[in-house]
Amino acid sequence: MATAIRDVELSSPFAPIGDLGAYSRCLLVFRWRRRVVGRQIAPVVRNCVDTEVIAQAANQCGADALYYWLADTIGYDQRAVVGARALTATVAICTRERPDDLSRTLGAVAPLINAGHHILVVDNAPRTSRTREVVEQFRGVRYVCEPVAGLNVARNRAMREASTDLVVFTDDDAVPEAGWLDALRANFGDPRVLCATGLTLPIELDTEAQELFEELSPFARGFRRRIFDGQHDNPVEVGRVGAGANMALRRQTVDLVGPFDERLDAGTPTRSGGDHEMFVRILAAGYQIAYDPAAVSWHRHRRTYDEVRDTLWGYGVGVYAMFTGLLVERGELGVLRLAWAWFRSAHLPELRRRLLRRPPTRISPLILAELRGCLHGPAAWFTSRRLRAQR
Amino acid sequence: MGTIAPRLSVVIPTHNRRDAVTRLLGALRGQEAVAGGFEAVVVADGCTDDTVDAVRKLETEFSCTVLEQPASGPGAARNRGAAHAVGDILLFLDDDVEPRPGVLRAHSEFHAQVADGVGIGYLEPAVTARGFFGVVLRGWWESMFEESRRPGHRYVYSDLLTGHCSLERRAFERLGGFDATLRSHEDYELGYRAIAAGMNLRLVAGATAVHHETSALAKTLSRKVDDGIADVMLLQRYPALGPSLPLARRAAPGLVGRVAARLAAITPRAGDWFVATARWLLPAYERIGLRFRWRALLDDLLDYWYWRGIAQASGGTEKLAAMLQKAPPPMEPELELDLACGIADAERRVDEVRPRGVRFVYGEHLIGTVPGRDGAERLRGLHLREIIVRHFAREYLRAAARAGAIPDGLPALPAEIREESAPPQAKQRPRRSALVA
């Protein structure tokens, strides 16, 4: 059975959520005056989640909601700085042959053009003209074709094409909500902040595969703003920073820490990891990354089991490929400890389960796929490096 | 320039940095027009290179004067330049900064808007050093502005950085200029007197100067001795500053720091030799990517030299302890603010009274106190939100919950908020330990 997703406004009296006949569970997204402050899963009973269950779930939201209520009550914005200049932004969407998803994403971000922002679609190594045709339906959206395959190649192209202060990336299968861009922009008042990431939530959990993905690899990184500071935080621990599906970068980032590593991420043997490797370099150079849950975007996870298994395999490949690159080229010994910690917490329990011949759980095959990806990661990095050198 | 005095005088002390000072003067040529015009006064402090000739040969559309004096330190050089300057506003720029366009106008407009203002300009670090040290040095410079960038920041004496700051000439004269006897932290000392005189320190929006920071590790370490000496002199002069000085709270050093301190207690030469040897571990750590060990060792080395300076100036730990004991107790709050009446009401009352310290309550429930502090400006209404959220968030939520003020839909207080831990008093932010002077 699927999971419904519904908003609950905490500043209004709770009302039962009905008409949930197709769902067994409901993901309640709690807001305080539109701002997301928490999420909880509640069971659906007789096609409905009643107010008592909602109230119990709301009570589990904990301190984040209360701290946000306090800031809202006294009118405090921790992002405010003296003399901050409003930064211009280009929303960049790197895409490849997903016209339906792209159309939905463009529908969500197109109103930003009226606020003076730019929207750029980078069509990466297209096989058909369908992406261009979708873009032509949205007035003011700019289209560029990047013939060399690779998500990081496309991201670099977007960084070069943009002329604004910020380049803000969203995936072609994500739907940013109103206020998303302003929330990301608000984090750049401090010149040390080179990057800001936002809160990414699932737009649908209609299949078991999507539920499993959300259980195993959610994009959300909590509901409290956090600054990751390269002066104090371990730069290789970027798992909690966020993801490239919802991130903004100063355009000058390329000059300060270099472009995206084109040997990593989708379209290369390494499959992923390109965003995280950029986070590592930003932090290692002593700059900051802001994670701001006020910047909300909704992501459509892959719908079939095979797709999810393939995605998680790709995450395993990408993370270990990134670790390999950091170890070989930058001498970051810290990745060894990190790789061990990940293996011990995520993969070792599953291996132990198999050795003891315990029955597998729903997520067991997915964890093992991720582990296989990890084992393949180092070879993928060397292959990708060789291919890049030949290009 | 005619006979009308310019509105703004840029005072630039320099010591054997011909290229830097000509770069700075070149950047002044590109500045937008300032109402009333401006002049530059370069004070060559013991220059033995051709700085003076190079500056005299420069063709500028503004008046540019070069004064020469025997090496007397930057404080004395700034005083000399200020005495010669004729502008109503003095803008002090160090010779290694390069003002971005609009700096002069930003400072000029600031003084037109803020009475008794001390304008602090942002120094955008352009660090020459590479590797871990370059990262740390840039981060240290950026951190100097971290607090003052917040709109609700309560300014303290150490926010004043003379590398890029401005005052009205009359105010500067009233304060008596820089203390030329200090080899380091003369800006903090002036900041203390400016705050005590009721002046308004502010970060000036739009005033950015690139700071070409060329310090190397060896120079940074040697300057720490001067920092230690200067802090002892500050403590002797203003005992109330004691709790805010790094020397008041000695951090537990790492192994290298402990060994070096022991050796220095036996004979300072042994300690000096030990840390000079230990320093060579830094490149080894960097080569294998051990950045946290590298940072810990650097902190130990900086700490060692800082304390060597303190030992030299104070005459020993007992004398230092005696100096610290002279600090007066924190002042009692002068005002009680009931936040149940709303933040706007509290801000209005604070702006009326301008107290040194306040007590926050929510109805009949105590939230906490902000004790009065020497070296910090009197409270303004603008400070309250920042103070409440950063220092009293949990206490505010507890008090609001007891008063039944938290709306029904929100969660009950979780354990992390419910449990009372630290006494409800605003923590005094220790002054940043200076990485460079």
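In the predicted model, the centres of domain 1 and domain 3 of chain B, taken over C-alpha atoms, are separated by 37 Å. The domain assignment places domain 1 of chain B at residues 8-215, domain 2 at 219-325 and domain 3 at 335-418. Contact between domain 1 and domain 3 of chain B involves 11 residues of the former and 8 residues of the latter. On the domain 1 side of this contact, 7 residues are nonpolar, 2 are polar and 2 are charged.

Chain B also touches chain A, with 27 residues from chain B and 30 residues from chain A taking part in the contact. On the chain B side, two or more residues each are given by helix H5 (131-143), strand E8 (200-213), helix H15 (383-391), helix H16 (393-402) and helix H17 (415-418). The largest share, 4 residues, belongs to H5(B). The side of chain B that touches chain A is made up of 17 nonpolar, 4 polar and 6 charged residues.

Within chain A, helix H1 spans residues 51-59, and A:Val53, A:Ile54, A:Ala57 and A:Ala58 are buried in this helix. These four lie on the same side of H1(A), because they cover an arc of only 135° around the axis. The cover over the buried residues of H1(A) includes three strands of chain A, namely E1 (2-9), E2 (23-32) and E3 (35-43). On the face of H1(A) turned away from the buried side, A:Glu52 and A:Gln56 are exposed.

Definitions and conventions:
Residues numbered from 1 in each chain as written. Chains lettered and ligands numbered in written order. Predicted model: local features only at pLDDT ≥ 70, side-chain atom pairs only at ≥ 80, totals over all residues. Domains from an automatic or database assignment. Contact = placed C-beta atoms within 7 Å. Nonpolar A, V, L, I, M, F, W, Y, C, P; charged D, E, K, R; others polar. Buried ≥ 20, exposed ≤ 12 C-beta atoms within 10 Å, placed from the backbone. Arc of directions from axis to C-beta.
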